[in-house]
Structure formats: C-alpha cells, structure tokens
Amino acid sequence: ERAAELRDEILFKQSASTNDDECLRDTILFRQPESSFMGDCPICFLPLSIDSKKSTLFSCCSKTICGAAHTLINYTREKNDLIERVHSVANSYLTHWIKATRML
C-alpha cells in the first residue's frame, strides 16, 4: 500500500510540473488495482485474475490460487515423485547387489 501511495505521489508531482491534469487522471484511472474482488493468492500474495480460467479452486479447503502457484505446486510434486522413484530404484539395486555379493 505504501509503495502505491509513493508512486501516486511521484506521478502527481510529475503531472503538476508539466501542468497536465489529464495525464494524472488517466494514470490513476487506468492503473492496475492493488487487489481484485477475487482477493489475493494465498501462496504468492498477488491479486487473483478476474478470468477464472487463470486460477484453480481447491474443493478441500475452498481456497483459490493463481495459475503460477498451481504450476509451482505441480512441479514440486513431480520433482518429489521423481526423487522418490530414483531412491526406490537405488535401494532395490543396492539390495540386489548386497545379496549377490553375499552369495560369492
């Protein structure tokens, strides 16, 4: 909020120096809002898009997250699954190797 106030103050000073009240009015009118009526993403704290296709609703907790956070969650899950599979294969290989060396 403070950053937005400082930005508005700078824009006001710039428009006052050029004596262009219309520029200031347009800037304030068309700037991106700090938040949308959808609220903010609970993971990244950015405003949620008005377009519902760009967000995901979790039915378990009724939380809506943005598409970027959803992508990050999927990436993390896939990465963890891959690590788990590698560990499983390594443990299996190590177990077979130990059994084979005991038989020698």
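Select Ser55 to begin, and colour it by accessibility: Ser55 is buried, because its relative accessible area is 15%, where buried means under 20% relative accessible area, exposed means over 50%, and partly exposed lies in between (1.4 Å probe, protein chains only). Ser55 sits in strand S1, and strands here are DSSP runs of E with at least two residues, while helices are DSSP runs of H or I with at least four residues, both numbered from the N terminus. If neighbours within four places in sequence are left aside, Ser55 is in contact with Leu48, Thr64, Ile65, Cys66 and Gly67, a contact being heavy atoms within 4.5 Å.

Before going on, keep in mind that this is a predicted model, in which local features need pLDDT of at least 70 and side-chain atom pairs count only at pLDDT 80 or more, whereas totals for chains, interfaces and linings use all residues. Residues are numbered from 1 along each chain as its sequence is written, and side-chain values use heavy atoms, with hydrogens and water left out.

Next, select residues 55-58 and 63-66 together, which are strands S1 and S2, running antiparallel and joined by four bridges; DSSP has to find at least two bridges between two strands for them to count as a pair. Within this pairing, Leu57 has Thr64 in S2 as its bridge partner. The two strands form a hairpin with four residues between them, and in the turn you can pick out Ser62, which has a positive phi of about 60°.

Now move to Ile65, which has its place in strand S2. Is Ile65 buried or exposed? Ile65 counts as buried, because its relative accessibility is 2%. Show the residues around Ile65: apart from neighbours within four places in sequence, its contacts are Cys41, Pro42, Ile43, Leu48, Ser55, Thr56, Phe58, His70 and Ile73. Draw a distance from Ile65 to Leu48, and you will find their C-alpha atoms separated by 7.3 Å, although the two residues are 17 apart along the chain.

One step further along is Cys66, also found in strand S2, and Cys66 counts as buried because its relative accessibility is 13%. Its contacts, again leaving aside neighbours within four places in sequence, are Cys41, Cys44, Leu48, Lys54 and Ser55. Select Cys44 as well, which counts as partly exposed because its relative accessibility is 31%. Why do Cys66 and Cys44 not form a bond? The closest cysteine sulfur to that of Cys66 belongs to Cys44 and is 3.5 Å away, so it is too far for a bond. A disulfide is a pair of cysteine sulfur atoms within 2.5 Å, and by this rule the count comes to zero disulfides.

Turn then to helix H3, which spans residues 67-103 and contains Trp97. Trp97 counts as partly exposed, because its relative accessibility is 48%.

Finally, clear the selection and look at the whole protein, which has three helices and two strands, following the pattern α-α-β-β-α when read along the sequence. Buried residues make up 10% of its 104 residues. Of the contacts between residues at least 6 apart in sequence, 16% join residues at least 24 apart. With the surface switched on, the protein exposes about 8900 Å², of which carbon and sulfur atoms supply 59%; accessible areas come from the Shrake-Rupley method with a 1.4 Å probe, and for residues only the protein chains shown count as cover.
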